[in-house]
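Biologist: Could you take me through one part of this model closely, and then show me how the rest fits around it? I would like to start with the stretch that carries a domain annotation.

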Protein chains: 2
Amino acid sequence: MQYGHFDDARREYVIETPATPLPWINYLGNEDFFSLISNTAGGYSFYKDAKLRRITRYRYNGVPADEGARSFYLTLMEPTDGAADPMDDAALKPVASWSPTFLPLKTPLDSYECRHGMGYSIFRASYAGIDSELTAFVPLHTPAEINKITLTNTNDAERIVDVTACVEWCLWNAVDDASNFQRNLSTGEVEIEQNDDATLIYHKTEFKERRNHYAFYSVNEPTVGYDTVRDEFLGKFNGWDSPQVIAEGRAHDSVAYGWSPIAAPRVRVRLMPGQSTSLVFMLGYIEVADDEKWEDPNDPAKVGIINKKPAHELFARFDTVEKVDVAFDELKGYWASLLDGFQVRTGDDKLDRMVNIWNQYQCMVTFNLSRSASYYESGMGRGMGFRDSNQDLLGFVHMIPERARDRIIDIASTQLPDGSAWHQYQPLTKQGNADIGGGFNDDPLWLVASVFAYLNETGDDSILRTPAQFDNKEGSEQPLLEHLRRSVRFTMSHRGPHGLPLIGRADWNDCLNLNCFSSTPGESFQTVENNDTGIAESVFIAGMFVLYGEQYAQILERFGEACGMDGDAVRAEVADVRKAVAEVRDATLDAGWDGAWFRRAYDANGNAVGTAEDSEGRIYIEPQGMCVMAGIGVDDGRAAQALASTKELFTCRWGTAILAPAYSTYRIELGEISSYPRGYKENGGIFCHNNPWISIANAIIGDDDEAFAVYTRTCPAYTEEFSQIHRTEPYVYCQMVAGPESHAPGEGKNSWLTGTAAWTFVDVSQYLLGVRPTFDGLRIDPHMPAEFTELHIERSWRGTRYIIDVTRTGERSLSVDGKKVDGDIVPLAAAGAKEVQVTLTI
Amino acid sequence: MQYGHFDDARREYVIETPATPLPWINYLGNEDFFSLISNTAGGYSFYKDAKLRRITRYRYNGVPADEGARSFYLTLMEPTDGAADPMDDAALKPVASWSPTFLPLKTPLDSYECRHGMGYSIFRASYAGIDSELTAFVPLHTPAEINKITLTNTNDAERIVDVTACVEWCLWNAVDDASNFQRNLSTGEVEIEQNDDATLIYHKTEFKERRNHYAFYSVNEPTVGYDTVRDEFLGKFNGWDSPQVIAEGRAHDSVAYGWSPIAAPRVRVRLMPGQSTSLVFMLGYIEVADDEKWEDPNDPAKVGIINKKPAHELFARFDTVEKVDVAFDELKGYWASLLDGFQVRTGDDKLDRMVNIWNQYQCMVTFNLSRSASYYESGMGRGMGFRDSNQDLLGFVHMIPERARDRIIDIASTQLPDGSAWHQYQPLTKQGNADIGGGFNDDPLWLVASVFAYLNETGDDSILRTPAQFDNKEGSEQPLLEHLRRSVRFTMSHRGPHGLPLIGRADWNDCLNLNCFSSTPGESFQTVENNDTGIAESVFIAGMFVLYGEQYAQILERFGEACGMDGDAVRAEVADVRKAVAEVRDATLDAGWDGAWFRRAYDANGNAVGTAEDSEGRIYIEPQGMCVMAGIGVDDGRAAQALASTKELFTCRWGTAILAPAYSTYRIELGEISSYPRGYKENGGIFCHNNPWISIANAIIGDDDEAFAVYTRTCPAYTEEFSQIHRTEPYVYCQMVAGPESHAPGEGKNSWLTGTAAWTFVDVSQYLLGVRPTFDGLRIDPHMPAEFTELHIERSWRGTRYIIDVTRTGERSLSVDGKKVDGDIVPLAAAGAKEVQVTLTI
């Protein structure tokens, strides 16, 4: 069952009902100011950091759900009976109210549609003969969300419509805002500027003290009133679905001191038959220098009144519909040009729309937000993940390499001097998160993966010479290449009794905690090591090391001398690393091989994890994917055998589970993985993130049908028709789908912020469609099922447009601009070449 | 304006409308299992620790407010039109629904009343001719909340009423429950046991792994259905005010896997005219040993099914109305006996009800909960405060000295070896809270205060010889007397340039942060010391040291030798301490005196704080109270002058503000105190906590009229008539009342959990009424205004009942059992004496 449809021409998903199984959301904003927005306009906004600079308040787990941060109320007003003058505002009464986004008022609408597009959402509704169109977006390079609403009177008589918009302020720190009420309820402060032609309501809580930022909510037309006191707006016992001021038909002009400040301006619109009018509401964020905080710092009477000049300037940039429309077109143009870097026509609409639009779009969102703020990640805890952000970059680097470059330096700067890493850092401060710490032994190797991808994409080896701090300490700067060296050396020097890398607190699977041994409820599985015997090893990290150790060696060979190493030093380092890679590869084939698949790990007692000798957790997905991607066992049939076992033992219609059988009891020696109910999360759920590894692995061993089948099982466009089961958005990936052993197989959770986006884009673009950048050129090596007979791919790469046509003829040949080329690599085009025509037959 | 009235005979406050200005709450539970319950039955339950063992879910700052944790729905059912058999359940339809507690359904009731009593709350309502009475309480020595509901049909025909009760489970850790949704939404698990005569719904989330506890919700009658899936119960878009199953008139028998588990059994009641029936709902908490978690640990099929035996046993204790009524009577008897220890008749009903009932009751609540869980303290952060709990004990020690003794040892065990202390500890683990740490230099001296009070109350000097750990480390045990020595020595060895004690991070006023110098938003004022120059001093701690240093000396003189010290050692230690006390007293009179009041502190630059030389923050309340209580300046008129300044400069109808004038700008050298809006919280709010210090101080200098006036200004019974201004409960103290410089003077906040309860009880019982235990006897020294001509006081003390009659004659004389006694101390009665008659004329 579907709740909407794709509109590929507009790059939109069109939701046809407010009653989606779960709120289906979109993200607004590309740089610093971000908003989440659902198909009923729920969500919230923040600046850079969802924890430390939360602008509007959102209640995760609210009842009723998904209300309050961004509310619109339309009220049809009519003269009271016997009113002397029908133009007299005081003689008007409310006769009907509705929300143009359905929530919060829940008035059944005559029509409803939500279009989630690239960085914007449009809500169309009609009720009582009033058509409404609400467009929400964050303009480029702007710390503000614009909500333009257009009303059209389709009745044959004049209508008076009051438009009340409301945002609830978060008191900046999202954690304190939701917990420290003994303080919070006394701190809220606002200012109100009700001008003849516009109203601006300022939120200045804590501005008096250490904050150099405030927010405002404005409308570009005169208002008939406003409210800033939530309890006054709602009235006693009421929710967002029944505010007192809406029932009464008038604002209270309330001024907040403490408690819960809101901003709710009210505009009155008179519409003749057929007439349309538009209002522009804006939620803006302003930072000022310390010495420019006050209206007049030298006038004691004006200390305490905020300096509104920068707010006025921001307001003026969008104070007409025309200015807003220009900004909206700029945003659309920006996204068209971003997505244009990789476009494909395959004959399969689902595949095309995912590759051309939604997968790339989700890659941008995960790059921006890591795992911080979604409808499942509350934005209160996790900031940017070291592991996460390096992987996210793999799917984003082709879109804006410059931002990827900056991100790599940010990430590297949180690396610790011994090569290990802070597991997370706050995007605002860029400091490592001490609550979580480090000790996740896969972390450092992901830095190699992202840098290798960046170098392939751009060829810009200057990044290797760019200094980056360790542990964000001034004076600790070393060139990025040195960071890579320490990453690789960390694994080399942390190996266990079987010659496999030590796992530390956990590897990619945060829930496989082999040194934790926790028996205390609530104790963090991630940060506690009650029994670190120093021998727990990870076969997964072994696969990573073989893959990324080799990438590091290739970086050295290619760029080492350009980075100031002499040839001997390069050769010595490369030899060292390749020797270690060979050792780890051998150890993987020896202690890491279980007979029909790769084992997962060895625990703190030296026992194998992920083995047929166990009754549960006999096979895990991660090593099957990573080891084959690293080439281990590809030449001796073991890779094929591992993938056959994977397909047979724990793959269902919805994908491949993370392990099987799921654990029925808590195993103290394994940690959190065994804590979940069977079939959920790391205990047998389908982690979409590592399904593409299996797809890539199948492509590597040449099983193109299974490679594509793996791709489609978790791909939203292909599961759209099962939305009533899948429940999450059919246009983006979710982190986890309930596994075959669960109560509700196929039910998705934790949509949007998942490494699935990046890895699937790597899979589909580089392996299935087979267009992979290398140091020397663009490798073209598709692995699509036989029914795909023609592929048209356009790829912008290092300033040149590669126009690639693949035809299935049964015979492999490659030509570039009409000239035949050996192998599968299209050489880097000559400098200045705008376009290269590539023809491949397979 | 009042919203209810006191019913002194029943020891209840009777709330006459659901529409109180704020939810007015009560606490259920005296030992380990606690519930908060508002006048519309909002609130939540927890076991020992509101953060780590939260049983039901509560949304602080929910919209609509105060719903969801404990919901009752009554539905009048009628046969559908043309139903063949009116007794056929399937042929019934709902015709009206209401909540017997008004919320969440909000159906206007024909009558409503909420009676908050001692550890219980009763809700009476009527609607559609059905009278309901719901009694909520936690039985003594029982980890469960009982909700007995009695329905009476006052119609002249039969009625069928469906009773649906609903609790929403918190997934145990209140912080994770409100933030870690990417995990939470996959972990929820329940079991359902629908028997012929009862239904029990078990909440077993995480029981599989490390938890040894589960909860259940039961009803002692057969059910017609149940729900455990919140979203199924509520339906799409609905709140607690409009559940789908209530609208439909039937339960869905839903079974929760993940998402948000609830327990909502539904019982059908058929009532003949005039007939009554009662149901018993129970919310129980169960702990089991690790090897008794499962129904049958040896049967693999039964691993995963929880061992319900202990739940059945608990259920059986309250499975009939008769058993519940017995338990309820036991609870009432328990409270009658507890309160009986101090009873007074003064001719002033307001005074009597506060002393005899509500002040003592609040003292119990603050003793139990410190500052952890109220409608303002979210129970997520603060556990037991070192400073707080020592002070809370001052008002509680006369009620259950044995529990006070245990608490003192718990507190002392979190002291650090150098005499300083962890500022807070978690009640469940009793470990110091590392997030906050220590460094609050008043903390250690409060331990002297509580031990001195305990010794006066009980004479039990064995506590001084009882070993207590330092920093909860095994092997670090030292007798409690050694803890006191280190407390006092800590202050002696931490004095600044003026000879005054160093303040550390803060003293009693957590917001006076003289070493903090924070310019980073959100940085904790309490834990950061950016500029600790080592010289910031506190005049308040100076007063404390003079007061409690002397108490320590008296403890030594009295009990030192009994604790194994030889006489010389006692004398040497006492001399040392008294010498330091004299030095600090002199320093206070010198550098601590501003000319017309005591100064507050010296900041990190050596500048005075709380001085007429400043433009704001010229006078603070704390040193005026504490220094005079310590006797400083009493003999030379400076005490009187300080109190006159206090009355004149920052006392209003609602009490004395914490400082004046309030700070209009942020002062980095003062910290959080200057961060609040003017007139709120520590920036000029009225802190009820330190108003009794001023009352005591006035009693000490003999201004009895002002002493009593101070008492009444903040006393709830005296402000009841201004409830529309005060807004918080008129039967308990709140932490803070908005000050004269605020936007809303007189508006209370942060009710219930405040040291005000204990300090006011000390004030009114020991100073105003003047009955104060000493080592040698009961001092009787009332300081009441002249209009109080007769006082009758009964006080149980060390096993004897002292019946005290005070008559104002103009001549002072004291007689005990008819015999005249010199001075004002009634000597300790002979062992075994049941009763002593005391007659005092003044």
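Modeller: Happy to! Over residues 334–770 of chain A, the chain is 44% helix and 8% strand, and the C-alpha atoms at its two ends are 26 Å apart. Keep in mind that this is a predicted model. The stretch matches a UniProt annotation, "domain: Glycosyl hydrolase 94 catalytic", which comes from an unreviewed entry and covers residues 334–770 of chain A.

For a closer look inside these residues, take helix H17 of chain A, which runs over residues 691–701. This helix is mostly covered, with nine of its eleven residues buried. The buried ones in H17(A) are A:Asn691, A:Pro692, A:Trp693, A:Ile694, A:Ser695, A:Ile696, A:Ala697, A:Asn698 and A:Ala699. As background, an α-helix has 3.6 residues a turn, so residues three or four places apart point the same way. In H17(A), the buried list includes A:Trp693, A:Ile694, A:Ser695 and A:Ile696. Just after H17(A) comes A:Gly702, and its phi is positive, near 90°.

Now let us step back to the whole of chain A. Its secondary structure comes to 21 helices and 42 strands. The radius of gyration of chain A is 28 Å, close to the 28 Å that the globule rule gives for 842 residues, so the chain is as compact as a globular protein of that length. Along the principal axes, the C-alpha atoms of chain A fill a box of roughly 95 × 60 × 55 Å. Burial is a feature of the chain as well as of the helix: 67% of the 842 residues in chain A are buried. Among contacts in chain A with a separation of 6 or more, 67% join residues 24 or more positions apart. As for the surface, chain A exposes about 26200 Å², and carbon and sulfur atoms supply 46% of that area.

Chain B offers a small piece of sheet to finish with. Here three strands form an open sheet in the order E35-E36-E41, with antiparallel pairing. Strands E35 (771–773) and E41 (825–827) of chain B are the edge strands, each pairing on one side only. From one strand to the next, the twist averages 25°. Strand E36 of chain B, residues 777–780, pairs with E41(B) in the antiparallel sense over three bridges. Within E41(B), B:Ile825 is the residue that stands opposite B:Arg779.

Technical notes: Residues are numbered from 1 along each chain as its sequence is written. Chains are lettered from A and ligands numbered from 1 in the order in which they are written. This is a predicted model: local features need pLDDT of at least 70, side-chain atom pairs count only at pLDDT 80 or more; totals for chains, interfaces and linings use all residues. Side-chain values use heavy atoms; hydrogens and water are left out. Two strands pair if DSSP finds at least two bridges between them. Helices (H or I, at least four residues) and strands (E, at least two) are DSSP runs, numbered from the N terminus. Axes are lines fitted to C-alpha atoms, for helices over the stretch in contact, and angles run from 0 to 180 degrees between N-to-C directions. UniProt positions are given in the numbering used here, feature names are shortened, and annotations may be inferred rather than shown by experiment. The radius of gyration is taken over C-alpha atoms; the globule rule is 2.2 Å times the number of residues to the power 0.38. Buried means under 20% relative accessible area, exposed over 50%, partly exposed in between (1.4 Å probe, protein chains only). Contact means heavy atoms within 4.5 Å. Accessible areas come from the Shrake-Rupley method with a 1.4 Å probe; for residues, only the protein chains shown count as cover.
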